[in-house]
Every structure is written in C-alpha cells, then in structure tokens.
Amino acid sequence: QKTSFHRCQTMDFKNGYAFSRLPREGVGGETLFANQLSQDELDDLCTKGATLTYGQVKRPAPSRFTPAFVAYDKKVLKFDAYFMEEVAISAEENYRIRQVGIYYYLEDDSMCIIEPKVKNSGLLQGKLMRRHRVPKNVHGDYYHWKDLNVGIDLTIYGRTYRLVNCDSFTKVFLESQGIVVNPPEELVSDPYTEQRQTPAQKRIMPTGPDPFRQFLAYDTKVLRFYAIWDDTNCAFGDHHPCIIHYFLADDTVEVREVHKRNDGRDPFPVLMRRQRLPKIFVDKNKNFPSCVLEITDHEVQEWFSPKDFAIGKTITLLGRTFFIYDCDKFTQDFYRDKYGITDFQPVDVNKKPLEKVQQVIPPYNGFGIPEDSLQNCLSLFPKPPRKDIIKMLENNLKVLRYQVALESPVPEDKNRRFILSYFLADDTISIYEPPVRNSGITGGKYLRRTKVTKPGSTPENPKYYEPSDFTIGSTIEVFGHRFIITDADEYVLHYLERNAESFPAATVQSIRDHFLPRKVVVETTSSGFPKKDLDDLIVEVQRELKLQEPFNTRQFHEAFHHCDTEGSGFLDKTRFLTLCDRFNVPTSTILLKKV
C-alpha cells in the first residue's frame, strides 16, 4: 500500500565543496533507526558471508561513485586554432586569417570558441560560439575530448578550424588518457595585418620647396607664450594676462585672454582669432579699401615669424601691445634647437603693492564734536560715533550740577549766575541761566548738551572735561567763555564720596571743604536752641532793620565772608560788632545779646 518511493538525497555542498552524507530517511520517507556502525563497517557486513570455522577472506569495499560534473569541475581543455575567412569586397586582400581559442569543458562535454579582441580591427570579435555541446554529424553524435588533438582540422557548423597548439594541462590530460599528442604547429598570421605593421618607407622629399612640407613637419606643434596686454592708457584700462599661440603648421597667431574668477570682465576666451598677422606693410595707395578686404601677400612685406617672439620683448599685434614674460617647455626646446637660444629666464610681472598713503585728517572746523566731524573724513556715508552703552546704562539720569559765574569785563555780566549740568552717561555739559526779573537779560538755555574740550587739546587727540576738573573756584572755559565754579549740589558731594577711588583727592576735598560751613550751621541750629525762639529772633531783627534806611544785604554778606578767612562760618563777637558799626546797623544791646 505504499504510494511514495522516493529516496533521500545523499549528496550536498558545504563551503563550496561537494561531499556525500548518510540518508536521513528511508525509501518513501520511512524512519531510519540510529546506527552506531560506520559506513565502512556496514559495507563489510553487506559483503561478508557466513562461515563455520575460519571464515572467508574479506572483500574490499567498492569505490565510491563520483559524478563527472564533480570530478571534472573547473577543468577545461584549451586549444589554439585559426580559420581562414574569404574577403570578397577588398582589393588589398583575398582572405583573412583569424586566430581563435577553442575551449572544451570536461564536466559537461560542452565547447565554446573565443576570438581575442583587437583594437580598431573593424570586426565583431569576442565569443564567436557560445558554450554548448557541438554536434559532430547528422547522426546525433557530439564532439568528445577524444576527438580533439593538435594538428587536425575541426569542422564546426561549416567552418574549418586548424588546431595548432594546446596548453600544458590539456597535454597532460590527453596523455594520461592514452592519447598521443601531435607536435605543435606554428600559428599562421594574417598577411594583411603583417603588411600594415611593416614600417612604411620614408618619402624622399624633393629638393625644391614643398607647399605641404611645413604642414606635415609641424602639424599639432604650437609655440606658447605668456604675455601681458597693457591697456592702462585707455579709460578704465588694466593689465590683462594673455596667452599667445603661434601655430608652426601655417604661421598663424592666436591670442587668448586669461580670465580669473570674479574679475568683472565678460568671459570671452579668444581676444584675437587665429590668423596670419602682418608685421610690415607695403606702401599702398591711400584710397585702397583695406578695412573691407582681406590682406594678401601683395599688401604685406613681412609677416610675423617665430624669430619675432622672445621673453622680455614687447610686440604690437593689430594695435595692441603685448609684453612676453614667459613660455612653456616645448617652446624653449624649439628655440634652443633652431635658434640656439639658452636664456629663458622668466620676467617678474607681479604688481608691486602700492605704498599706503597716510590719511591726513583736516583741522577741526568747530561744528559739532570732533568725533562726529571725523566720521566725514573716514567714510563716504558717515556713521554716528560709537557710544559706551554700558556706561550709559550705569549712569543713566545721574547729573552733577554746579553754580558758575561768568568771568567777563562787562559790568552787567558780574551778577549773572548759571547752572552747569554734567551728565555722567555721556560726559556732556549743558549750561542754563535762571531768569532774573528786571535784569535786562533773557534767561534760559545758554549751551545745549554737548561735549566740551579742554583748552590746549587738539582735534586729533581731544581731551574733554571730566568730573575731576570741577572744583570750587576752578575756571572752566567753554567755547571761549570762562566760568568760575562757585557752588555745587549736595548730590555732587555724595557721588564723589561714594566713588572716591575714581577721583583725585583734591577734587573730593574741595567739595567737602565747601560744604563744611553749612554742616556746622546745621549742627549749631540743632544743638538744643528752640526753633520757635530762633524764628522769633529773626522776625524781630528784620522788623528793626525795616525801620531804618534801605540796607545793602549783598555787601554785608561779602564783608562777613571776607572776615571769615578760614571758612568756618563763625565770627567772634568783636568782629561782629565792628562790622555792624561799619554798616551803621542799629542794634540794641538786648538784641545783640540775643543774637
């Protein structure tokens, strides 16, 4: 009742090698029980017969069967051969000998024919016959390796091949199979190919001039010169690097311009097309229309030749002047062999760097600040000078205010008082004059906010006023006007004391000494004397003074300050009474004691 009778495969490949293995299943997929005996022992059991006493002699196991495709894998017989091909359309050859290689593959008895490729042969070469079993006759027989030998003719598909030689492996294989290999023959060459390879006889040049001699001798030979075209005489002219080609075949000249990337010129490589260039013209009629007619030998006395070109020489080609500064190696060899010139030292044409002209800054004209005016000299489109942003942020809204008096010989200016504001953010100064009624002078802004230079500074190195320059009694010169500092805000004293390490000690001490009397008065006022009694005393003194003639308060104050030489803000009783007598101040004894 079996329906499947197939056998398990016992031949396999591993790592590229063929080997046999034991079957895993029986016929029809039956289960095989594990056998501990080797294959050799099983073969012995199959061939051993039963004996009674000593047994029979062991028969050797039959040799393993090896298929042909395994035994002859990658084994090929190679024969060198040739065949003759008729040529019916050529007058120079009647037949053609073509050399081929015949390959016989032992693994499957197939053959192929390959012809080595020859460059520019004009023939379809390569594999002439694909690999397959080649029929021997019409009876269905195929060629076998036993039919091949050296020195025989082999007809395949109507074409007869002559086998002339074989390689060493083929010879050894045939001899091992009992075939006597014939001696090798000489491989026949193609007569037409040998004729083409024979060097042609040199043509004997005639003694007279040959019009084609120059072309045949100097074809594809060009002299190359490196030159500079000087065009600086024209508007927007420049030095243009060029290459001059002189063609020895026909004595023509071509000029090409060497363009660089982003040089701003149109990328036309040919500056002067290839042509013969006249050197000296024949005297001709002025009415001759040479601009529309081609120049011939009748109008030209001499053309440019190789002897007119040399390194370091200046030539004029069609109105353009070229300076030759170098040439290539072929040109040097040509001039060395024909003219005997040996000096080919190139000329250095690199532009020397221009000397940098130091920019001269014009003198300051007085308008604006020097930094702002300097930008007009440094750029066509001036930009505002850079500001110290960090300093502006740190000192924003910080202003030092001083009271100044105008130093002027005009009597009307002696009583004028100004407020000088110093902005720490950008070191600028502004001056304001408080309006005074019935003074005859219009108050208001006297100087807008700007930087003020010190006397003696130059526009190239301006020096501006700083907070360290403002001390009580110092003179400040602002655009020709002199001001004397007479007073300052208390903020000035506080700022200088907080940043005492950034300012001179003399500046801080000057402001500190100026505020010392006020500090003493404040301390005296708050020393325990009742404020109401002090106010009543002031009112009583003012009432007493109003009953008398008009009193000059300003002169009285100046006299007090004059007597107070130490600036302490105090006067003793004797000096006080003396000053009262000098100004006829009516004071009673009781009132004086209270004061």
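This report describes the helices, sheets and some individual residues of one protein chain.

## The model and the chain as a whole

The structure is a predicted model, in which local features need pLDDT of at least 70 and side-chain atom pairs count only at pLDDT 80 or more, while totals for chains, interfaces and linings use all residues. Residues are numbered from 1 along each chain as its sequence is written, and side-chain values use heavy atoms, with hydrogens and water left out.

The protein chain holds 14 helices and 22 strands, where helices (H or I, at least four residues) and strands (E, at least two) are DSSP runs numbered from the N terminus. Of its 595 residues, 26% are buried; a residue counts as buried under 20% relative accessible area, as exposed over 50%, and as partly exposed in between, with a 1.4 Å probe and protein chains only. The chain exposes about 43800 Å², and carbon and sulfur atoms supply 53% of this area, which is computed by the Shrake-Rupley method with a 1.4 Å probe, and for residues only the protein chains shown count as cover. Among contacts (heavy atoms within 4.5 Å) between residues at least 6 apart in sequence, 46% join residues at least 24 apart.

## The sheet from strand 12 to strand 15

Strands of a sheet pair through backbone hydrogen bonds, either parallel or antiparallel. In this model, one open sheet has 6 strands in the order 12-11-10-9-16-15, with antiparallel pairing; two strands are said to pair if DSSP finds at least two bridges between them. Strand 12 (270-275) and strand 15 (314-317) are at the edges and have a single partner strand each, so one side of each is left without a neighbour in the sheet. From one strand to the next, the twist averages 35°.

Within this sheet, strand 9 and strand 16 (residues 320-327) run antiparallel and are joined by 5 bridges, and Tyr226 has Asp326 in strand 16 as its bridge partner. Helix 6 (residues 329-338) packs on the sheet and touches both strand 9 and strand 16, its direction making about 110° with that of strand 9; for such angles, axes are lines fitted to C-alpha atoms, for helices over the stretch in contact, and the angles run from 0 to 180 degrees between N-to-C directions.

## The sheet from strand 20 to strand 21

Another open sheet, with the order 20-19-18-17-22-21, is also made of 6 strands in antiparallel pairing. Its edges are strand 20 (444-450) and strand 21 (475-478), each with a single partner strand, so one side of each has no neighbour in the sheet. Neighbouring strands here are turned by 30° against each other on average, direction ignored.

Strand 21 pairs with strand 22 (residues 481-488) in the antiparallel sense over 4 bridges, and Val478 stands opposite His481 in strand 22. Helix 9 (residues 490-498) lies across strand 17 (399-407) and strand 22, and it runs at about 125° to strand 17.

## A hairpin and two loop residues

Strand 7 and strand 8 run antiparallel, joined by 4 bridges, and they form a hairpin with 2 residues between them. Ile156 stands opposite Arg159 in strand 8. Strand 8 also pairs with strand 3 (residues 76-86), in the antiparallel sense and over 4 bridges, with Cys166 in strand 8 as the bridge partner of Phe79.

Which residue in the turn of this hairpin has a positive phi? That residue is Tyr157, whose phi is near 55° although Tyr157 is not a glycine, and Tyr157 is exposed at 56% relative accessibility. Phe236, in the loop between strand 9 (222-230) and strand 10 (239-247), likewise has a positive phi, of about 60°, and is exposed with a relative accessible area of 86%.

## Two places on helices

Phe215 belongs to helix 5 (residues 213-218) and is partly exposed, with a relative accessible area of 41%. Together with Phe212 and Leu216, Phe215 makes a nonpolar surface patch of about 350 Å².

Glu540 lies in helix 11 (residues 531-546) and is partly exposed, at 33% relative accessible area. If residues up to four places away in sequence are not counted, Glu540 touches Leu591 and Lys594. Glu540 and Leu591 are 51 residues apart in sequence, while their C-alpha atoms are 8.5 Å apart in space.

Notes:
Patches are made of residues with over 30% relative accessible area and no salt bridge: like charges are joined within 9 Å, nonpolar side chains (Val, Leu, Ile, Met, Phe, Trp, Tyr) within 5 Å. A salt bridge is a side-chain nitrogen of Lys or Arg within 4 Å of a carboxyl oxygen of Asp or Glu.
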